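Trainee: Hello! I am new to this structure and would love a close look at one part of it. Could you walk me through the surroundings of a single residue and then show me how that part fits into the rest?

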Amino acid sequence: MQNLTTKAPIASENTKVSDNENNSLTSLLNRASSAESRNTQVTASRRHHEISMQQTLVYEVIHHNKLVSHVAKEHGISSKKLYQWVKAAQSSANDSKQQQCEQLNLQIAQLQQQLVSLNHQLHALQA
């Protein structure tokens, strides 16, 4: 029985790549790589534009009190999609506000402890 995992590929005249073919393949790979790079840049640019548009539309709905359906229709997008963006933005804003409240509460507790400590020091100095 043959061991298939250790079988080496057989080289023949038909499988050898000429220098011209090798250069041609290298050229094709380079062009593909450069096209991929351009596509990545376009995709990143498009993504940035989409995020910017999302923020603008969400701002219109939230801060200008426009209806989701009207803003979506004006800009040719789905009302459902815009509603999802608005909900996500509101959720994010709520999370941010909650974090700020927690930080402020922590700071208040630290200041209260510092006040108690300073009051003890004041009473000790007066005695």
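Mentor: Happy to; what follows starts with the chain as a whole, then turns to glutamate 60 and the parts around it. Please keep in mind that this is a predicted model. The protein chain holds 3 helices and 0 strands, and reading along the sequence gives the pattern α-α-α. Of its 127 residues, 8% count as buried. The chain exposes about 11,200 Å², and carbon and sulfur atoms supply 54% of that area.

Now let us go to glutamate 60, which you will find in helix α1. Is glutamate 60 buried or exposed? Its relative accessible area is 14%, and because the cut-off for buried is under 20%, glutamate 60 counts as buried. Which residues does it touch, once neighbours within four places in sequence are left aside? Glutamate 60 is in contact with Asn65, Lys66, Val71, Glu74 and His75.

One of those contacts deserves a second look. The side chains of glutamate 60 and lysine 66 meet in a salt bridge, with 3.5 Å from N to O. In general, side chains of opposite charge can pair when their charged atoms come close. The structure holds 1 salt bridge, so this pair is a good place to pause on screen. The two partners have their own settings: lysine 66 counts as partly exposed, at 36% relative accessibility, whereas glutamate 60 is buried.

Val71, which glutamate 60 touches, leads us to the largest nonpolar core. That core has 9 residues in all: Leu57, Val58, Val61, Val68, Val71, Ala72, Leu82, Trp85 and Val86. The elements that each give two or more residues to this core are α1 (19–63), α2 (68–75) and α3 (79–126). To see one core member up close, pick valine 86. Leaving out residues up to four places away in sequence, valine 86 touches Val58, Val61 and Ile62.

Finally, step along helix α1 to glutamine 54. At 26% relative accessibility, glutamine 54 counts as partly exposed. Glutamine 54 and alanine 89 are 35 residues apart in sequence, and their C-alpha atoms are 9.8 Å apart in space. For the chain as a whole, residues 24 or more positions apart account for 39% of the contacts with a separation of 6 or more.

Definitions and conventions. Residues numbered from 1 in each chain as written. Predicted model: local features only at pLDDT ≥ 70, side-chain atom pairs only at ≥ 80, totals over all residues. Heavy atoms only, no water. Core = buried A, V, L, I, M, F, W, Y, C linked by side-chain atoms within 4.5 Å. Buried < 20%, exposed > 50% of the residue type's maximum accessible area, 1.4 Å probe, protein only. Helix = DSSP H or I, 4+ residues; strand = E, 2+ residues; numbered from the N terminus. Contact = heavy atoms within 4.5 Å. Areas by Shrake-Rupley, 256 points an atom, 1.4 Å probe, with all protein chains shown as cover. Salt bridge = Lys/Arg side-chain N within 4 Å of Asp/Glu carboxyl O.
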